[in-house]
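Me: I've got a protein model open and would like to talk it through before I go back to the bench. Can you take my questions one at a time?

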Amino acid sequence: MKRQIREIRYFLSGQHFSDGLRITLAILIPSVGFYHFGDFETGLPISLGALWASITDAPGPVMHRRNGMLAGTLLIVLVSLITGFTRANVWLLGVEIALFSFFFSLFAIYGNRATSVGTAGLLSMILMMDRDLEPAAVWQYAALVCAGGLWYTAISLSSTQLRPYRAAQQALGECIHEISKFLLIKAEFYSIRTDLQEDYRKLVTQQAVVSEKQDAVRELLFKTRVILKESTWTGRLLVLTFSDIVDLYEQIVAMYYDYTSIRERFGKTGILDEIARLIRQLAIEMDYIGLAIQTNRPYKSRADLMRHLERLKTRIDEIGQQEKDNSNFVLKKILISLRNLNQRLTTIHTYLSADGDKSPNDREAPEYSRFVSHQEIDPKLILNNLTLSSSFFRHSLRMTVACLIGFLTAKLIAYGHHSYWVLLTASVILKPAFSLTKQRNYERIIGTVAGGLIGVIILMLAPNNTVLFWVMLPLMLGAYSFQRTNYIVMVILMTPYILIMLHFLGLGGISVVEERVLDTLIGCAIAFAASYLFPRWESQQLKGLLHEVLEANRNYLRILVDTLSGKPLIITDYKLARKAVYVNSANLSAAFQRMTSEPQSKQWHRNDIHEFVVLNHILSSNIATITSARLNAERLTACPPELLRPARRALTVLNESLKRLDEEAAKTAPEPPVTETSSLEKPDLMVTEDPTLKEQLEFIQKLAHDISKLTDTILT
């Protein structure tokens, strides 16, 4: 029950609910205000302009949001004018649909925000098609739409000015929330009742979610001038907390052990269940910390984790005494890892209770700009992508065909008053990836049917328009809150909301519900059929993703070898290599998940790719285990050449695998060092105090060979 309460609190204090509330108010206020003065026809276009501008207001740095909203407002005004004057001629309108659907779809080249700008332009064209306006009224309509876009922009930017850190706090809280889920999955590895392969599948899937959330926080923190440049306590605290959270996540990833072996050795003792239970308690504590950050409230720890850790230590010592032949050394290592996790959580918890007049200790600031990507709006990118080898070009062609078929269907099958719903559904459902289009189809159909039934029940039971209005408010709020997180819930809530709104306009009734469902079915069928045109299957892109993951792990391992050789560790370079591993692994995992939803004949080495993902996760976990231990060591010592030999061989094996994956990429990739440590370093060599280091490095070498064999199998 407590977990459900936390989820509700996360939702109500999160950025998506805040966005839903802002969008709902921005849409309602103009319509309700003008309706109160008897001029609803003026308020409706303003509300539409606010709605379209909200599409471009994706989370991110305030400067990017402002530019996106202004560009989106300008675009919807131009599109409204052009559509308003061309809609009278069906041939001109068809040409416009073909050109705009193709051109706006190409905006995806410039990233998610540009994609949302193109989506807003496409929707404004579709909703303008059925508006029968005189030339003078077209200008007036465009002006009102412009006013609505500027109205929403003003509201959005004002809320940011009033609470400049709120978005970063919400994003950081969500990131910690997802990492706590990752840790909960880790706990399952210590249960003898779960399937390890299924645990790994859940883990790598959640890893992709965590990577996405971390990128969102980086965008907000490292591209927001007020946080990085101003010497404010809150800004430094957010950056410092995020840095520690990423380090904590690395500690969780580094908690890798031979789970099959420890299940066989210690499963009957019951100690593994105690470890799993303690890990869950750590995850819950982390979840509460994330919630405190997201709600911007202090948090007092509710769990005495040190007492549980001491109890676990006592149990581990008892096992060591009872089963002398069954060494408990691995259990002691697990205990040390859990202690380190608890210590990091305690450190982060102190930030929440820190005095605002006394900022936390500053650390050496890394070059933050190197941790975020920068997208330039270069027209040459569009020209370079005008080829069938470009997935963006293929998607634009599919969108053009789908929109034209939807337009012809609406014209040839004359029924109802909202024929544009066919075209609207097809354009919204069709996505660049086949699997996403397939998923959206199911969700749209189920959501529309379920929402239609709910809408009919509401219209039948509501005694008057006042009750309908107050019922519509939570439907609006929920629909706009879930639009970026849960599509099927959004559709279920959006459908009755639209039916109630049409009822207010005098267009309600069972016939509207039937029309909505039928148009949705037709639009979904068109989008699904179009997804088979010029397909770019995930299997065609997996080879490049495999290469990127291997290259990231190779570079990660090289940094480990360098530091073990006695070279100074540059923290920024290490964190960049670590980020590359996480991001590329998440990209590969996400692509693999999408491939599993594609036709069976288009799935390429499904089991082998899954094993490749898991092996690379295990490889990066073991590298992180050793490297994090080196970072926490009081005195770094170089290792003798014979101890490093397995790691150097692993580098060579990974490099050979890279060559086989992509000969051209391997030509430009620097070869790993294979020579022994130079004579200048040899006088300073000391044998490491960790007796398991040799065993860990040999295991890394074994993993590299396993990955190499798997690469050969995949390329066969």
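Here are the questions, each with a short reply.

Me: How many helices and strands does the protein have?
Reply: This is a predicted model, so what follows describes computed coordinates. Strands come out at zero. The helix count for the protein is 28.

Me: What share of the residues is buried?
Reply: Buried here means under 20% relative accessible area. The protein has 716 residues. The buried share of them is 53%.

Me: Among contacts with a separation of 6 or more, what share comes from residues 24 or more positions apart?
Reply: Take the contacts in the protein with a separation of 6 or more. The part of them made by residues 24 or more positions apart is 83%.

Me: What is the mean pLDDT, and over which residues does pLDDT stay under 50?
Reply: The mean for the protein is 84, and 89% of its residues reach 70 or more. Where pLDDT is low, the predicted coordinates should not be read in detail. The model does have 44 contacts beyond four places in sequence for the stretch under 50, but go easy on that part: residues 664-689.

Me: Which helix gives the most to the largest nonpolar core?
Reply: That core has 113 residues, and Tyr190, Ile275 and Leu338 have the most contacts inside it. One helix puts in 13 residues, the most of any: helix 13 (residues 271-295).

Me: How many residues does the other core have?
Reply: This one lies apart from the largest core. Its members include Met69, Val422, Leu502 and Val512. The size of this other core is 73 residues.

Me: Which residues is Tyr190 in contact with, leaving aside neighbours within four places in sequence?
Reply: Tyr190 is one of the residues with the most contacts inside the largest core. Its partners include Met255, Tyr257, Tyr259 and Ile262. The rest of the list for Tyr190 is Leu272, Asp273, Ile275, Ala276, Ile279 and Ile334.

Me: Is Leu619 buried or exposed?
Reply: Leu619 sits in helix 25 (residues 606-632). Beyond four places in sequence, Leu619 touches Asn553, Leu654, Ile700, Leu703 and Ile707. Because its relative accessibility is 0%, and the cut-off is 20%, Leu619 counts as buried.

Me: What separates the C-alpha atoms of Leu619 and Ile707?
Reply: Along the chain, Leu619 and Ile707 are 88 residues apart. Ile707 is also one of the residues that Leu619 touches. Their C-alpha atoms are separated by 9.4 Å.

Me: Is Ser427 buried or exposed?
Reply: Ser427 is part of helix 18 (residues 420-429). Leaving aside neighbours within four places, its contacts are Leu122, Leu123, Ile126, Met399 and Cys403. With a relative accessibility of 8%, Ser427 counts as buried.

Me: Which residue forms a salt bridge with Glu188?
Reply: Side chains of opposite charge can pair when their charged atoms come close. Here the closest N and O atoms are 3.3 Å apart. The pair links distant parts of the chain, 92 residues apart, from helix 8 (residues 166-188) to helix 13. The partner of Glu188 is Arg280.

Me: Why are Asp215 and Arg218 separated by about one helical turn?
Reply: These two form a salt bridge, with the closest N and O atoms 2.8 Å apart. Asp215 is partly exposed at 28%, whereas Arg218 is buried at 5%. The spacing of about one turn arises because they are three residues apart in helix 9 (residues 196-222).

Me: Which helix holds both Lys702 and Asp706?
Reply: Their side chains meet in a salt bridge of 2.9 Å, N to O. Lys702 is partly exposed at 46%, and Asp706 is partly exposed at 23%. They lie four residues apart, about one turn, in helix 28 (residues 693-715).

Me: Which residues are linked in a network of salt bridges?
Reply: A search of the whole structure finds 23 salt bridges. The network links Asp19, Arg22, Asp57, Arg65 and Arg484.

Me: How much accessible area does the nonpolar patch on the surface have?
Reply: The patch is formed by Leu21, Leu25 and Ile29. Ile29, found in helix 2 (residues 15-36), is partly exposed at 43%. Together the three residues have about 250 Å².

Notes: Residues are numbered from 1 along each chain as its sequence is written. This is a predicted model: local features need pLDDT of at least 70, side-chain atom pairs count only at pLDDT 80 or more; totals for chains, interfaces and linings use all residues. Side-chain values use heavy atoms; hydrogens and water are left out. Helices (H or I, at least four residues) and strands (E, at least two) are DSSP runs, numbered from the N terminus. Buried means under 20% relative accessible area, exposed over 50%, partly exposed in between (1.4 Å probe, protein chains only). Contact means heavy atoms within 4.5 Å. Patches are made of residues with over 30% relative accessible area and no salt bridge: like charges are joined within 9 Å, nonpolar side chains (Val, Leu, Ile, Met, Phe, Trp, Tyr) within 5 Å. Accessible areas come from the Shrake-Rupley method with a 1.4 Å probe; for residues, only the protein chains shown count as cover. A salt bridge is a side-chain nitrogen of Lys or Arg within 4 Å of a carboxyl oxygen of Asp or Glu. pLDDT is the predictor's confidence in each residue, from 0 to 100. A nonpolar core is a set of buried Ala, Val, Leu, Ile, Met, Phe, Trp, Tyr and Cys residues joined through side-chain atoms within 4.5 Å.
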